Amino acid sequence: MYKCHVCGKQFRGGNRVNYDLFWQEYLHNKQTYDEISSRYGVSASMVKRKIATVSEEWHPVIPQKTGFLLIDVTYFGRNWGVLVAMDVETGSVLYRKYILHEHIKDYVECVQYIVSQGFIVKGIVIDGMRGLFKAFAQYQVQMCQYHQCAILRRYLTKNPKLEAGKELLILSKTLATSTKLEFTTQFRDWETKWNDFLNERNKNPVTGKSYYAHKKLRSARRSIKSNIPHLFVYQEDGNDGLPNTNNKLEGKFTDLKKNLNNHSGMSRENRKRFIDGFFKA
């Protein structure tokens, strides 16, 4: 602000601030209100007011082409999350839906919408949620190998005590470098070796009822047996370009949460506005 010593009038001088830059700094450069205000020479309250006026309408342009989709959900605490579909080739987010809990219908609705816009789905990478393979039976569906390994770690832990568990965990780490035949053969050899051990039962001294002694190990085995048909779809003829993991989308989620963590205290609605802006970019 300047003042004329002759007439006494006050006026602004110099370059005007481009307030649109505030939102871009806030969204992508992880700048706080105070950091933006210091950078542009305005008050933090003004920065906050200008950012609050930004409206992010979610209307992504979905290309009319043939391609592969990555679909997954990320959560923000236990109360809510966002389901996202990404085009593998471009990395563009084609669909997002805020949800409380994920259901099969949410995934189906996602793909149906994208298809209705002219996108021809050649294949899909998913995390293996029960029922999704059946729901997407008309598509080439790849089970994310990273999620398969994560499932096994939940059952076996990162440091299994049982020798059978140690061997299965080591085998799971070869998923990304194995062919379907190689992995299936090694898994069947493991099953044969540990079959009697897996079928061991204990008896409850109170009720007299018997139960399997190694339930979690059996669950880990069942998980692999159920998912093997979908773990190597990316290697089949005609699926060149189909990833074996959702890592590209997971990386997007990681960047989003890093940016959000820099702005603590945001309301849920402001978070949604921030997320929409992030995905649109």
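# Notebook: salt bridges, sheet and helix packing

I began with the charged pairs and found that the structure, which is a predicted model, holds nine salt bridges. I then went through several of them one by one.

**Entry 1, D276 and R96.** I looked up this pair and noted that the side chains of D276 and R96 meet in a salt bridge, at 2.7 Å from N to O. D276 belongs to helix α11 (residues 268-280) while R96 belongs to strand β5, so the salt bridge ties together parts that lie 180 residues apart in sequence. I also checked the accessibility of the two partners, and both D276 and R96 are buried.

**Entry 2, E269 and K272.** Staying with helix α11, I found a salt bridge between the side chains of E269 and K272, with 3.8 Å from N to O. Both residues lie in α11 and are three residues apart, which is about one turn of the helix. With a relative accessibility of 55%, E269 counts as exposed, because the cut-off for that class is over 50%. K272, whose relative accessible area is 21%, is partly exposed.

**Entry 3, a network.** I next asked which residues are joined by salt bridges that share partners, and the answer is one network of K97, K105, D106 and E109. Within it I looked up K97 and D106, whose closest N and O atoms are 2.9 Å apart in their salt bridge. D106 has a relative accessibility of 3% and therefore counts as buried, the limit being under 20%.

**Entry 4, the sheet.** I turned to the strands and traced an open sheet of five, in the order β5-β4-β3-β6-β7, with mixed pairing. The edges are taken by β5 (93-99) and β7 (140-143), and each of these has a single partner strand, so one side of each is left without a neighbour in the sheet. On average, and with direction ignored, neighbouring strands of this sheet are turned by 20 degrees against each other. I then followed one pairing more carefully: strand β4 (residues 80-87) and β5 pair in the antiparallel sense, over six bridges, and A85 stands opposite Y95 in β5.

**Entry 5, helices on the sheet.** Which helices did I find packed against these strands? Helix α6 (residues 145-156) lies across β3 (66-76) and β7, and it runs at about 40 degrees to β7. Helix α10 (residues 247-261) also packs on the sheet, where it touches β3, β4 and β5, and its direction makes about 40 degrees with that of β3.

**Entry 6, α7 and α8.** I looked up how helix α7 (residues 163-172) and helix α8 (residues 180-198) are placed, and found that their axes come within 11 Å and cross at roughly 175 degrees. The two helices are therefore roughly antiparallel to each other, since angles over 145 degrees fall in that class. On the α7 side the contact is made by E163, A164, E167, L168, L171 and S172, and on the α8 side by F183, Q186, F187, W190, K193, W194 and F197. Sorted by class, the contact of α7 with α8 has eight nonpolar, two polar and three charged residues.

**Entry 7, L181.** Last, I looked up L181, which lies in helix α8. Is L181 buried or exposed? Its relative accessibility is 65%, so L181 counts as exposed. I also noted that L181 and F232, which are 51 residues apart in sequence, are 9.5 Å apart in space, C-alpha to C-alpha.

Methods:
Residues are numbered from 1 along each chain as its sequence is written. This is a predicted model: local features need pLDDT of at least 70, side-chain atom pairs count only at pLDDT 80 or more; totals for chains, interfaces and linings use all residues. Side-chain values use heavy atoms; hydrogens and water are left out. Two strands pair if DSSP finds at least two bridges between them. Axes are lines fitted to C-alpha atoms, for helices over the stretch in contact, and angles run from 0 to 180 degrees between N-to-C directions. Contact means heavy atoms within 4.5 Å. A salt bridge is a side-chain nitrogen of Lys or Arg within 4 Å of a carboxyl oxygen of Asp or Glu. Buried means under 20% relative accessible area, exposed over 50%, partly exposed in between (1.4 Å probe, protein chains only). Angles under 35 degrees count as roughly parallel, over 145 as roughly antiparallel, 65 to 115 as roughly perpendicular and the rest as oblique. Ala, Val, Leu, Ile, Met, Phe, Trp, Tyr, Cys and Pro count as nonpolar, Asp, Glu, Lys and Arg as charged, and the others, Gly among them, as polar.
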